[in-house]
Amino acid sequence: MKVTVDWLEGLNFVGANEKGQRVTFGGEGDYVSPMETLLMSVGSCASIDVVMILEKARQQVTGCRCKLEGGRADEPPRRFTSLNLHFVVSGKDLSVKHVTKAIDLSVEKYCSVMHSLDKEMPVTTSFEIVPV
């Protein structure tokens, strides 16, 4: 995996992957910050896992939203010190047991972004099921 990050102006940058897809982020203006980007990456990765696991379990999932909150250190480096992921999973006849297992498997085993962070960092999860 290779990406590039190029300076735009001020404290703002654009990142690109090998396919040419771009994301703009920065420390000024209306851009998403690098830490917000990392938090979104955790949520995206975990959500991919949850959807894949639920589909493999033949659950009729129609939506998945992950709301994240990251606690941060007061002093530099202002790393994440805790994460909370709250999933809102929608679908028809979703099983609480399957949703619980999908989230647990993502957090404990599969989410590579989360597992790239400090393994001692506390991570909590919760979820709600929205029937459709």
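## The largest pocket

The residues lining the largest pocket divide into 9 nonpolar, 7 polar and 2 charged. Please keep in mind as you look around that this is a predicted model. The space in this largest pocket comes to about 350 Å³.

Its lining is made up of 18 residues, and those nearest the centre of the pocket are M1, V3, A16, N17 and V23. Four elements give two or more residues to the lining of the largest pocket: β1 (3–9), β2 (12–17), β3 (22–26) and α1. Of these, α1 provides the largest share, with 5 residues.

## How α1 and α2 pack

Let us turn to the two helices. Two packed helices are described by the angle between their axes and the distance between those axes. Here, helix α1 spans residues 34–56 and helix α2 spans residues 96–110; their axes come within 9 Å and cross at roughly 135°. That angle makes α1 oblique to α2, because it falls outside the ranges for roughly parallel, roughly perpendicular and roughly antiparallel, the last of which starts over 145 degrees. The crossing of α1 past α2 is right-handed.

If you would like to trace the contact in the structure, start on the α1 side with A46, D49, V50, I53 and L54; these meet H98, V99, A102, I103, L105, S106 and Y110 in α2. Sorted by class, this contact between α1 and α2 has 9 nonpolar, 2 polar and 1 charged residues.

## The second largest pocket

The second largest pocket holds about 240 Å³ of space. Lining it are D49, M52, I53, K56, A57, K97, H98, K101, A102, L105 and Y110. The elements giving two or more residues to this lining are α1 and α2, and α2 gives the most, with 6 residues.

By class, the lining of the second largest pocket divides into 6 nonpolar, 1 polar and 4 charged residues. Some familiar names return here: D49 and I53 of α1 and H98, A102, L105 and Y110 of α2 belong to the helix contact, and these residues also line the second largest pocket.

## G63 in strand β4

One more spot is worth a visit. G63 is found in strand β4, which covers residues 60–72. Which residues does G63 contact, leaving aside its neighbours within four places in sequence? They are V88, V89 and S90.

G91 is another residue to look at alongside G63: the two are 28 residues apart along the chain, while their C-alpha atoms are separated by 6.6 Å.

Definitions and conventions:
Residues are numbered from 1 along each chain as its sequence is written. This is a predicted model: local features need pLDDT of at least 70, side-chain atom pairs count only at pLDDT 80 or more; totals for chains, interfaces and linings use all residues. Side-chain values use heavy atoms; hydrogens and water are left out. Axes are lines fitted to C-alpha atoms, for helices over the stretch in contact, and angles run from 0 to 180 degrees between N-to-C directions. Angles under 35 degrees count as roughly parallel, over 145 as roughly antiparallel, 65 to 115 as roughly perpendicular and the rest as oblique. A crossing is left-handed if the near helix is turned anticlockwise from the far one by less than a right angle, and right-handed if clockwise. Contact means heavy atoms within 4.5 Å. Ala, Val, Leu, Ile, Met, Phe, Trp, Tyr, Cys and Pro count as nonpolar, Asp, Glu, Lys and Arg as charged, and the others, Gly among them, as polar. On a 1 Å grid over the protein atoms alone, a cavity is a set of points where a 1.4 Å probe fits but cannot get out, and a pocket is an open set with protein on both sides within 12 Å along at least five of seven lines; lining residues have an atom within 4 Å of a point. Grid points are joined across faces, edges and corners, and a volume is the space filled by probe spheres set on the points.
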